[in-house]
Amino acid sequence: MAQGFSLADQTFNAESVGRLAAEYAAAIEGFDQDVFVSKVLSGFPEREFMQRIEWIADCLEPYLAEDFSTMASQLKEAMPEKLNPLLKDDDFGSFVHTVPGVLAVRHGLENHHEEALDLLYEATQRFSMEFYIRPFINQWPDDTLARMKLWAEDENYHVRRLVSEGLRPKLPWAKKLEISQDTPLPYLDALYADQTRFVTRSVSNHLNDISKSDPDVVVQTLAKWRDEGRQNAKEMDWMTRHALRGLIKQGHQGALELLGFKYDADVHLEGLKLKSEHIKGGEALEFEVALSAKEKTPVIVDYQIHFVRQNGSTSPKVFKLKQTNLAAGKPILFAKRHVLKANATTFRLYEGRHKLVIQVNGKPLGEAEFDLALD
């Protein structure tokens with residue numbers, strides 16, 4: 001990432017705000033495009049990403065009717081063309097079109113939730129309303145879930161995706177849901193056979209969220225879906241692997257077996273060799289692993305690094321090494337170079353004795369230790 005890069009500036013800038021202002025000017029009587037753009041841009045430097053969305057809504061409100069029905073009509077009239085319904089994926093739209101969601105919550109949540117849901121339905125076909133549907137789920141669960149049941153069968157795949165994404169228990173950046181995480185399962189049952197990857201990816205991410213607190217339910221759900229045969233076998237395989245990615249790293253036996261990897265497979269660690277047992281921050285941990293099996297065996301080979309923490313304890317992180325098939329009686333050698341970044345912004349290193357563990361199909365087979373110095 002280049003120094004000085006700002007996602008907020010890349011997303012919200014003179015060009016994107018100018019396009020948005022032109023849409024408002026064409027639909028809202030009395031809208032002053034130049035004044036709006038100038039005011040919006042002047043407030044960006046002091047605001048972070050999500051705050052900028054709220055700020056755009058602040059600047060738009062004076063041009064809108066106080067009556068919510070009229071406001072909703074104005075916002076719908078100003079919306080651009082719907083996202084291409086013929087695409088299957090990667091059609092996200094522009095973040096500037098989240099503003100109707102902000103205003104739906106501000107002005108429609110308390111006394112106009114049905115009309116606000118109508119607004120979200122239209123808006124999500126331009127940019128996902130996954131953040132803004134959640135206050136309605138919390139405050140009006142019965143009405144909102146009834147609407148989402150219909151949306152799960154909508155002809156527009158962005159609407160269908162909103163059902164899964166909006167109900168995710170651990171949606172990044174989003175308001176926490178107050179419903180049980182089991183509540184959405186019937187909705188996922190209706191969506192998993194979708195023919196659009198944009199939807200099935202959301203369903204898989206949703207299951208990955210659930211797996212963090214109830215892994216067995218996720219494994220059972222995926223096994224049931226596979227047996228039902230409603231989804232294309234290739235897509236079902238992709239969904240299963242994507243949904244189970246967290247559990248595979250953890251070595252969850254049920255998840256591994258669902259993917260055809262035996263936890264207790266007859267695999268032998270023939271050798272584990274470190275290039276050096278003394279490593280400095282910024283250098284790489286380099287190692288080789290030799291594995292063998294008496295019969296052809298599918299394997300997922302991972303490695304754990306047990307990092308020393310500030311209090312002297314250790315905490316493991318799992319990394320992918322290789323997914324392959326071991327041939328009968330033919331050892332295979334894997335080599336890996338893992339850079340230990342001393343100045344990483346998201347993970348801090350501490351000096352001390354670290355441990356490397358080789359994990360095959362979730363089962364630890366061997367380990368080696370190394371010292372990390374930061375000076």
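## Report on a predicted protein model

S211 is part of helix 12, which covers residues 197-211. Helices here are DSSP runs of H or I with at least four residues, strands are DSSP runs of E with at least two, and both are numbered from the N terminus. The model is predicted: local features need pLDDT of at least 70 and side-chain atom pairs count only at pLDDT 80 or more, while totals for chains, interfaces and linings use all residues. Residues are numbered from 1 along each chain as its sequence is written, and side-chain values use heavy atoms, with hydrogens and water left out.

S211 is buried, at a relative accessible area of 4%. Buried means under 20% relative accessible area, exposed means over 50%, and partly exposed is in between, with a 1.4 Å probe and protein chains only. Leaving aside neighbours within four places in sequence, S211 is in contact (heavy atoms within 4.5 Å) with V218, A243 and L247.

**The protein overall**

The protein has 16 helices and eight strands. Its C-alpha trace spans about 75 × 55 × 35 Å along the principal axes. Of the 375 residues, 48% are buried. Among contacts with a separation of 6 or more, 69% are between residues 24 or more positions apart. One pair 27 residues apart along the chain is A14 and L41, with C-alpha atoms separated by 6.9 Å.

The accessible surface comes to about 18,900 Å², and carbon and sulfur atoms account for 47% of it. Such areas come from the Shrake-Rupley method with a 1.4 Å probe, and for residues only the protein chains shown count as cover.

**Three helix residues**

| Residue | Helix | Relative accessible area |
|---|---|---|
| A14 | helix 2 (residues 14-27) | 47%, partly exposed |
| R147 | helix 9 (residues 141-151) | 15%, buried |
| S211 | helix 12 (residues 197-211) | 4%, buried |

The side chain of R147 is joined to that of E114 by a polar contact of 2.4 Å. A polar contact is a pair of N or O atoms within 3.5 Å; within protein, one must be able to donate a hydrogen and the other to accept it, and residues adjacent in sequence count only if both atoms are side-chain atoms. Beyond the neighbours within four places in sequence, R147 is in contact with E114, L117 and D118.

**Helix 10**

Helix 10 (residues 157-166) is largely enclosed by the rest of the structure, because ten of its ten residues are buried. They include Y157, H158, R160, R161 and E165. The cover over these buried residues includes helix 7 (113-123), helix 8 (134-139), helix 9, helix 11 (185-191) and helix 12. At the start of helix 10, a side-chain oxygen of N156 comes to within 2.8 Å of the backbone nitrogen of H158.

**Nonpolar cores**

In soluble globular proteins, nonpolar side chains tend to be buried together. A nonpolar core is a set of buried Ala, Val, Leu, Ile, Met, Phe, Trp, Tyr and Cys residues joined through side-chain atoms within 4.5 Å. The largest such core in this model has 87 residues, and those with the most contacts inside it are Y24, F36, L60, M148, L222, W225 and L244. Helix 4 (residues 49-60) gives the largest share of this core, seven residues. Not counting residues up to four places away in sequence, Y24 touches F31, F36, L60, A78 and V99. Another core, of 26 residues, lies apart from the largest one, and V267, V301, F307 and L349 are among its members.
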